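Take a look at the aromatic rings in this structure. Which rings pair, and where do charges sit over them?

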Amino acid sequence: MVRQEPHRFKHFLSIVTKKEMFSCLIWMFVLLCSSIADENSVRDADIFPSSPEIERGSTLKLFCVLGKRYAPHRNASHIIWKLNHELIAQENYNIVNETVSSITIHNFTYSKAHVKCFTKYLGKEQLLVHTEVKSGFPPDTPGNISCIYYFDAELTCTWTSGRETNLTTNYTLYRKMMTEGGVALPNTEDSCQSKMESCSFYYPDTPYSSSFCFQVKAENVLGEASSDCVHIPMEKIEKFEPPEILSVKKTTGIKQLLTVTWKMPEKIIHSQNLTCQVQYRNLYSNSSEFVTVPLNSTEKTGSCNLTGLWDSTEYSVAIRCISGVSVFWSEWSRGKTASTEEKAPSEKVDLWRVIESSHSTGNRSVHLMWKPLNSFPPSGRILGYKIQYFPEKNTALKMTNISTDEKIILLLNEEAYIISITAYNSAGNSPEAILRIPPTDEKTSQIIETVRTFTMNEEVVVEWIASEPAVTEYVVEWYEELETDPFGRSWQYVSNSTNWKTNKKNFKPFICYNISVYPLCGNKVAAPYSIQTYVQEKKPSEGPVADTGIPGKNEVTIKWKEISKDKRNGFITNYTIFYKSEDGKELNETVNSDVLQYRLKSLQANTQYTVYIMASNEAGGTSGEPKIFKTLKFNKEDVIFIALPIGLSMLFLLGLWITCILKKHAFKKVCWPDIPNPAESIAVEWPLDASMNNSFLKGVTPEAKTIDFEDISILEHCSPGESKEGSLLMNCGDHVSECPDINTKGMINRNKKILYNEENEVAKCFSPSMPYIITDQDIRSQMPSALIPAKEIQPIEMLEDDLCESQQTSIKNEENGDEEVLKLEDFSEKALFNPYLKNSVKTREFLISENLPEHSKNEPKSQSTVLPPFQQNVAGQSYVTLDMFGLATAH
């Protein structure tokens with residue numbers, strides 16, 4: 001069973017039968033002997049057989065041998081087995097001796113698996129050795145043998161191997177010479193080996209013969225199989241190299257014809273009839289046509305004419321050939337192209353224009369563009385385009401431009417122009433495409449009433465309604481809204497229809513397009529009707545950014561800008577404003593797409609809010625970044641309500657203060673009027689001037705000229721009937737001024753008690769021409785003395801017409817120490833008035849301090865004073881109020 005030593009265990013792993021039991025025992029004995037005989041012949045651990053290949057479904061048996069290094073602590077009972085990391089059950093184990101353990105796996109179905117041998121000692125596993133096991137099938141008999149013969153070059157045969165063996169399988173191809181009776185001749189067998197399903201013989205081992213048979217043998221570790229020897233004549237499997245095309249050219253003056261010439265390959269079996277096939281195809285078609293050309297094997301070249309071709313059309317040509325008895329065509333030759341004879345273009349170009357607004361100089365740019373000729377078949381290679389244009393009212397001014405591009409820009413004035421374009425090639429010109437450019441001041445009527453677009457069955461449909469049914473031709477123009485290049489527009493002419501369809505792929509998704517429909521009236525273009533559309537929408541790429549401005553107390557105005565056109569991805573249908581207080585519920589307001597600001601009302605005062613805006617289209621909505629704002633504690637009305645009264649009060653006080661400043665003299669004159677000083681009067685010359693100047697005035701300092709009202713007591717009394725002795729009787733009429741009694745209290749100044757005698761002053765009515773005499777005795781008899789402080793002196797004037805009442809509140813001064821309060825008895829006097837005097841009699845009382853000069857104090861107490869007559873001729877003086885002054889000295 002064993003053919004050689006390296007395979008001594010392979011057949012041991014096959015299915016165990018009764019006939020093989022004896023062999024297994026022999027091999028086990030050999031293993032035991034070899035392990036005992038030579039210690040170094042086995043490694044520390046080994047597994048047998050190594051890398052076995054077995055038939056799928058058979059029984060696998062492996063042996064694991066421990067080396068001497070593991071004795072005496074470990075033996076075969078410590079060995080465990082694993083299959084692909086899974087522990088094999090103990091019932092599959094078999095301990096041969098102390099160092100050898102075996103494993104048996106029945107019905108092994110893994111195509112490839114790893115079996116590992118471990119030792120398990122003191123709870124620890126240690127890998128000893130492992131091997132890879134493959135399972136497969138023996139080879140099937142090869143079939144379908146076929147061969148290809150390249151003359152004097154190569155002979156290649158192929159076959160089918162049948163079922164996959166999953167094991168390494170070797171193939172041998174045998175080539176045998178046979179007799180006419182089908183018997184293989186000895187010593188004529190050639191072979192080649194391969195691991196694939198083909199094998200080749202190369203030159204010079206490629207003799208030509210029609211008596212060969214071919215056989216294939218397949219073998220692997222599980223067995224072998226051979227096919228029958230198949231007879232294959234060499235001439236039937238011959239395959240040429242492809243021919244070489246020498247030329248494909250047109251004949252001058254002959255249209256729709258091409259001549260093809262080619263050369264046959266050198267290595268070919270002679271004395272055989274040949275057939276060549278010419279394939280040709282125009283570049284505008286996907287189908288090809290064929291022409292068969294027979295040849296003799298002795299001919300080195302071949303040729304044929306291709307007729308019935310299209311004018312001005314380019315064709316691609318290829319050729320292949322085959323032997324008369326062979327079953328294999330050669331490969332197609334390398335293709336070659338050529339064009340048929342040209343003719344003049346038969347159709348006019350598809351022309352359109354875009355007119356820009358007039359420049360400041362009065363000129364305007366007209367962008368002309370056209371499409372390549374779409375005639376089928378085309379007329380040939382276009383060499384260029386001829387553009388002619390002239391003013392509509394002056395055909396003599398015709399101008400011509402040549403362009404090789406399919407666009408041009410013309411600079412025209414404000415007049416109407418006629419433009420024509422022709423395409424030309426080597427054979428002639430195409431018909432003219434004519435277009436009229438209107439003048440700048442031309443107004444055309446609106447023929448198209450409405451246009452709508454929609455998408456249906458992967459097509460974009462544009463429909464319109466025209467007010468003039470006589471118009472039968474229209475131009476549909478479309479371009480991206482953000483496209484600024486006039487040459488980036490697309491257009492198409494529509495005849496005898498008011499709708500237009502195109503594939504949806506001609507439009508980009510999420511891009512806004514401008515679509516315009518132009519009516520054509522002859523060569524005139526009427527006013528267009530334009531709309532915008534999206535063939536597919538998605539929600540905006542970004543949301544609006546909110547701007548809150550300055551919030552109020554209970555409201556705020558939210559403003560935002562439109563989303564840029566390249567990020568809308570559709571028509572904005574509305575905006576939604578979402579707002580939420582710190583601890584409140586989120587609210588929202590929705591407005592139309594044309595609203596870019598909105599006032600939020602009914603907000604809480606002095607509260608922080610978060611607001612953001614969502615822009616929506618048909619596909620969805622996208623929100624912008626949130627914005628935080630805080631409402632005010634007071635609004636403008638609250639501030640005005642608080643500030644207005646304060647401001648008005650301040651304005652009133654300011655006005656009052658300014659008025660007091662501006663009218664202080666008037667207020668002083670009304671409230672504190674200036675009292676005439678008799679000493680300064682020029683009506684008479686007073687005898688008292690000398691004494692006043694010498695005694696009284698010298699004793700009064702400038703600071704004492706102003707006397708506070710609280711520091712002076714005034715006693716006034718008018719009583720004409722009490723003291724008649726020494727008084728003056730005058731014709732004063734029946735007017736009597738009677739003054740009420742005035743209580744005067746004594747006053748203390750500088751901790752000193754000072755008592756002054758007061759000389760009362762009595763003014764009596766007198767005639768301006770009548771001299772009068774006032775005696776000191778009369779004055780003293782009518783005016784009691786009073787105690788007043790000598791600090792200040794201030795006159796007080798009481799104004800009255802017929803009857804005056806004067807009352808003064810007594811003043812009480814309290815001092816510490818031994819100060820006293822002196823009281824004066826109330827008294828009253830009556831005074832007579834001169835009927836010519838309008839002012840009532842005034843009584844003045846002056847207090848002289850103790851510090852007056854000595855000569856003043858020693859003056860006689862009774863003194864008569866003679867007054868001179870009233871000076872009537874004094875300018876501006878109609879009357880005089882006469883005041884009598886008495887000086888009171890301290891006793």
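What follows goes through ring pairs, then a ring cluster, then charges over rings.

The model is predicted. It holds 18 aromatic pairs. One of them joins tyrosine 389 and tyrosine 417. Their ring centres lie 6.5 Å apart. The planes meet at 50°. That angle is neither under 30 degrees nor over 60, so the pair counts as tilted. In sequence, the partners are distant: 28 residues separate them. Tyrosine 389 belongs to strand β27, residues 384-391. Tyrosine 417 belongs to strand β30, residues 417-425. Both tyrosine 389 and tyrosine 417 are buried.

Now turn to tyrosine 609 and phenylalanine 629, which also form an aromatic pair. Here the centre-to-centre distance is 5.6 Å, with 10° between the planes. An angle under 30 degrees means stacked, so this pair is classed that way. The pair again links distant parts of the chain, with its members 20 residues apart. Tyrosine 609 lies in strand β45, which covers residues 608-617. Phenylalanine 629 lies in strand β47, covering residues 627-630. Tyrosine 609 and phenylalanine 629 are both buried.

Ring pairs can also build a group. Trp478, Trp500, Phe507 and Tyr513 are linked by ring pairs into a cluster.

Last come the charges. Arginine 175 places its charged end over the ring of phenylalanine 201, 4.4 Å from the ring centre. Arginine 320 has its charged end over the ring of tryptophan 329. There the distance to the ring centre is 4.5 Å.

Definitions and conventions: Residues numbered from 1 in each chain as written. Predicted model: local features only at pLDDT ≥ 70, side-chain atom pairs only at ≥ 80, totals over all residues. Heavy atoms only, no water. Phe/Tyr/Trp six-rings, centres within 6.5 Å; stacked < 30°, edge-to-face > 60°. Helix = DSSP H or I, 4+ residues; strand = E, 2+ residues; numbered from the N terminus. Buried < 20%, exposed > 50% of the residue type's maximum accessible area, 1.4 Å probe, protein only. Lys NZ or Arg CZ within 6 Å of the ring centre and 35° of its normal.
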